[in-house]
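Student: Could we go through this structure together, with the reasons behind each label spelled out as we go?

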Amino acid sequence: MTLNGIDIASYQSGIDLTVVPCDFVIIKATQGTGYVNPDCDRAYQQAKRAGKLRGTYHYVGGGNAVAEADYYVNNIKGYLRDGLLAIDWEAEQNGAWGNEAYLEQLVRRVIERTGVKPLIYSMASRYAQVAAVAKKLDCGLWIAEYADMNPTGYQAHPWREGAYACAIRQYASTGRLNGWGGNLDLNIAYMTREQWAKYVNPGGKPAPAPSKPAPAPAKPAPAPKPAGRTYTVQAGDTLSGIAAKLGVPTSAISGYRSGNPNLIYPGEVLKINGGNAAHKPAARTYTVQAGDNLSSIAARYGTTYQALAAKNGISNPNLIYPGQVLKID
């Protein structure tokens, strides 16, 4: 029994997982200790509502293995024992590349914090070193190796299938599926839905209940002011989208119970400080960080990458640099 699926990052922001055919989707959640995919929760909740198997992954940046593990866990704790966990171990933008002791420390910390053993993702060329870590920690492997860069749909038997043992094989980064106009990473999982569930929730332990927001204390009614409004989160909302809708910066919104502005829940009541729907936020800028791309920045501020590229005179929207200051408004 096998399952067909995709993995996505902010490059696929807005993808409609109710339309794109997939048994499972694994979504980039975090990278290093400073990046959260702004489209992660929207995509995750959509996949969940659609009954898709789902998971998240952390892209290793190097620097401090424990801090990275904690950063990942703290940002996806609302998904624990609901979605599969994975650690992405690649050479690009990874200061610890080649040091599998770092990888082992990071994965071990995730296991300590969650009680869940994540899959370890890497390329076939690093199989022996990564497989040794996976064996030591009893983790599954997710291995990437492509026959070529030609567009392809799902494949029942990818190139070099069986050359190495793995739980999931990523065999294309140029996948083409109905419902999405660009490239997708295509994967085959060598498991049943029941086996997937064991990776997600070993032992069938109950998922931790998300904390409920504390009731607001009673206050005397103040004189009417623009500040102090509230907004009830709707399915599919993001913080940047709410900010754009209400004409306030994202920094003016508070009260999300997760403590993570990229993790909000339908029904949650947010506090809106200042502004009104008729006013636009003041002119803003953003300094590009390592791991950023124009699509993720645009999603964060409720705009489009085309608008940002035009405003900043960027001829190639796929080419931005850490330290570059972008005009948002």
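Student: What makes β9 a strand that is called largely enclosed by the rest of the structure?

Tutor: In this predicted model, L184, L186 and I188 point one way from β9, while D185, N187 and A189 point the other way, and all are buried. Buried means a relative accessible area under 20%, and six of the six residues of β9 meet that condition, so the strand is largely enclosed by the rest of the structure.

Student: How do you know that β9 is paired with β1 and with β8, and in which sense?

Tutor: Two strands pair if at least two bridges are found between them. Five bridges join β1, residues 3–8, to β9, and these two strands run antiparallel, with D7 standing opposite D185. Between β8 and β9, residues 184–189, there are also five bridges in the antiparallel sense, where I168 stands opposite A189 and G175 has L184 as its bridge partner. Five bridges satisfy the requirement of at least two, so both count as pairs.

Student: Why is β8 described as mostly covered, and which strand pairs with it in the parallel sense?

Tutor: The strand β8 covers residues 168–175, and eight of its eight residues are buried, each being under the 20% limit. Its parallel partner is β7, residues 141–144, which is joined to β8 over three bridges, and W142 stands opposite I168 there.

Student: Why is A167 called buried?

Tutor: The relative accessible area of A167 is 8%, and the limit for buried is under 20%, so A167 falls within the buried class. A167 is placed in the loop between β7 and β8. Leaving aside neighbours within four places in sequence, A167 is in contact with L119, L141, I188, A189, Y190, M191 and Y199. The C-alpha atoms of A167 and T2 are separated by 10.0 Å, although these residues are 165 apart along the chain.

Student: What makes D138 exposed, whereas R160 is called partly exposed?

Tutor: For D138 the relative accessible area is 53%, and exposed means over 50%, so D138 belongs to the exposed class. R160 has 39% relative accessibility, which is in between the limits of 20% and 50%, and therefore R160 counts as partly exposed. D138 lies in the loop between α4, residues 127–137, and β7, whereas R160 is placed in the loop between β7 and β8. D138 has a phi near 60 degrees, a positive value in a residue other than glycine, and R160 has a positive phi of about 60 degrees although it is not a glycine.

Student: Why are α2 and α3 called oblique to each other?

Tutor: Two packed helices are described by the angle between their axes and the distance between the axes. Here α2, residues 65–76, and α3, residues 100–114, pack at an angle of about 40 degrees, with their axes 8 Å apart. Angles under 35 degrees count as roughly parallel and those from 65 to 115 as roughly perpendicular, with oblique for the rest, up to the roughly antiparallel class over 145; α2 and α3 are therefore oblique to each other. Their crossing is right-handed. The contact is made by A65, V66, E68, A69, D70, Y72, V73 and N74 of α2, together with Y102, Q105, L106, R109, V110, R113 and T114 of α3.

Student: What makes β10 and β11 the edges of their sheet?

Tutor: Three strands form an open sheet in the order β10-β12-β11, with antiparallel pairing. β10, residues 229–232, and β11, residues 253–254, each have a single partner strand, so one side of each is left without a neighbour in the sheet. The pairing of β11 with β12, residues 269–272, runs over two bridges in the antiparallel sense, and S254 stands opposite K271 in β12. Helix α6, residues 239–246, lies across β10, β11 and β12 and runs at about 130 degrees to β10.

Student: How many helices and strands are there, and what percentage of the residues count as buried?

Tutor: The protein chain has eight helices and 14 strands, and 48% of its 329 residues count as buried. Among contacts between residues at least 6 apart in sequence, 64% join residues at least 24 apart.

Terms used. Residues numbered from 1 in each chain as written. Predicted model: local features only at pLDDT ≥ 70, side-chain atom pairs only at ≥ 80, totals over all residues. Heavy atoms only, no water. Helix = DSSP H or I, 4+ residues; strand = E, 2+ residues; numbered from the N terminus. Buried < 20%, exposed > 50% of the residue type's maximum accessible area, 1.4 Å probe, protein only. Contact = heavy atoms within 4.5 Å. Axes fitted to C-alpha atoms, helices over the stretch in contact; angles between N-to-C directions. Left-handed = near helix turned anticlockwise from the far one by under 90°.
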